[in-house]
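Biologist: Please take a close look at one part of this model for me: the packing of its nonpolar interior. Start with the whole chain, then go in residue by residue.

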Amino acid sequence: MGRLFRFVFAGGTGFVADAAALWLLLAATPLGPLAARVLSIGFALCVTWQVNRRLTFAPSSRGIAQEGARYGGVGIATSVVNYLVYCAVLFALPALPPLAALAFASILAMALSFLGYSRLVFDR
């Protein structure tokens, strides 16, 4: 149960990083919500790797490059799900703020992330 709580904390930290980056990109660049989200997801992925590695799972027995590649692979796969849900919500509900769509998509992708990270990246 402790690991799950720490994973939710790491995800919350990643969500804040994602939302802050998305907000900043929307406010300070000409990027629209779809292009800006691609960049904010990449930033959040780097943040959550470091939090999960240090707090949730502890570093794996693999080298940092291999661990990072595995984390990135799982992260990209779950980010694709997250991004597709985000886009679908924005297209279905165009008046919805992008940050609300981000929250909904992130919650759905969290379960997939935990399974992938715990079994494919930080397994012992």
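**The packed interior**

Modeller: Of the 124 residues in the chain, 40% are buried. Keep in mind that this is a predicted model.

The overall frame is as follows. The chain has 4 helices and 0 strands. Along the sequence this reads α-α-α-α. The radius of gyration is 15 Å, close to the 14 Å of the globule rule for 124 residues, so the chain is as compact as a globular protein of that length. Along the principal axes, the C-alpha atoms fill a box of roughly 45 × 25 × 20 Å. Take contacts between residues at least 6 apart in sequence: 69% of them join residues at least 24 apart. The accessible surface is about 6800 Å², and carbon and sulfur atoms account for 78% of that area.

Now the interior. In soluble globular proteins, nonpolar side chains tend to be buried together. Here the largest nonpolar core has 12 residues: Ala19, Leu22, Leu25, Ala36, Val85, Tyr86, Cys87, Val89, Leu90, Ala101, Leu102 and Ala105. At least two core residues come from each of helix H1 (2–28), helix H3 (64–92) and helix H4 (98–121). H3 gives the largest share, 5 residues.

Ala101 is a good place to zoom in. Leaving out residues up to four places away in sequence, Ala101 touches Tyr86, Val89, Leu90 and Leu96. Apart from this core lies another, of 10 residues, including Val74, Phe114, Tyr117 and Val121.

Tyr86, a member of the largest core, also has a charged partner. The charged end of Arg37 sits over the Tyr86 ring, 4.8 Å from the ring centre.

Next, the second core. Val74 belongs to helix H3. Its relative accessible area is 11%, under the 20% cut-off, so Val74 counts as buried. Beyond its neighbours within four places in sequence, Val74 contacts Ser113, Gly116, Tyr117, Leu120 and Val121. Two of those partners, Tyr117 and Val121, are listed in the second core as well. Gly63 is 11 residues from Val74 in sequence, and their C-alpha atoms are 17 Å apart.

Ser118 is in helix H4. Ser118 is buried too, with a relative accessible area of 13%. Not counting residues up to four places away in sequence, Ser118 touches Phe57 and Asp123. Val8 lies 110 residues from Ser118 in sequence, yet the C-alpha atoms of the pair are 13 Å apart in space.

Phe57 leads on to the aromatic rings. The structure holds 9 aromatic pairs. One aromatic cluster is formed by Phe7, Trp49, Phe57, Tyr71, Phe114, Tyr117 and Phe122. Phe114 and Tyr117 from this cluster are also among the residues of the second core. Tyr117 is a contact of Val74, and Phe57 is a contact of Ser118.

For contrast, consider Leu4. Leu4 is in helix H1. Its relative accessible area is 39%, which makes Leu4 partly exposed. Leu34 is 30 residues from Leu4 along the chain, and their C-alpha atoms are separated by 30 Å.

To recap the part you asked about: the largest nonpolar core holds 12 residues, and another core of 10 residues lies apart from it.

Terms used. Residues numbered from 1 in each chain as written. Predicted model: local features only at pLDDT ≥ 70, side-chain atom pairs only at ≥ 80, totals over all residues. Heavy atoms only, no water. Phe/Tyr/Trp six-rings, centres within 6.5 Å; stacked < 30°, edge-to-face > 60°. Lys NZ or Arg CZ within 6 Å of the ring centre and 35° of its normal. Rg over C-alpha atoms; globule rule 2.2 N^0.38 Å. Buried < 20%, exposed > 50% of the residue type's maximum accessible area, 1.4 Å probe, protein only. Contact = heavy atoms within 4.5 Å. Areas by Shrake-Rupley, 256 points an atom, 1.4 Å probe, with all protein chains shown as cover. Core = buried A, V, L, I, M, F, W, Y, C linked by side-chain atoms within 4.5 Å.
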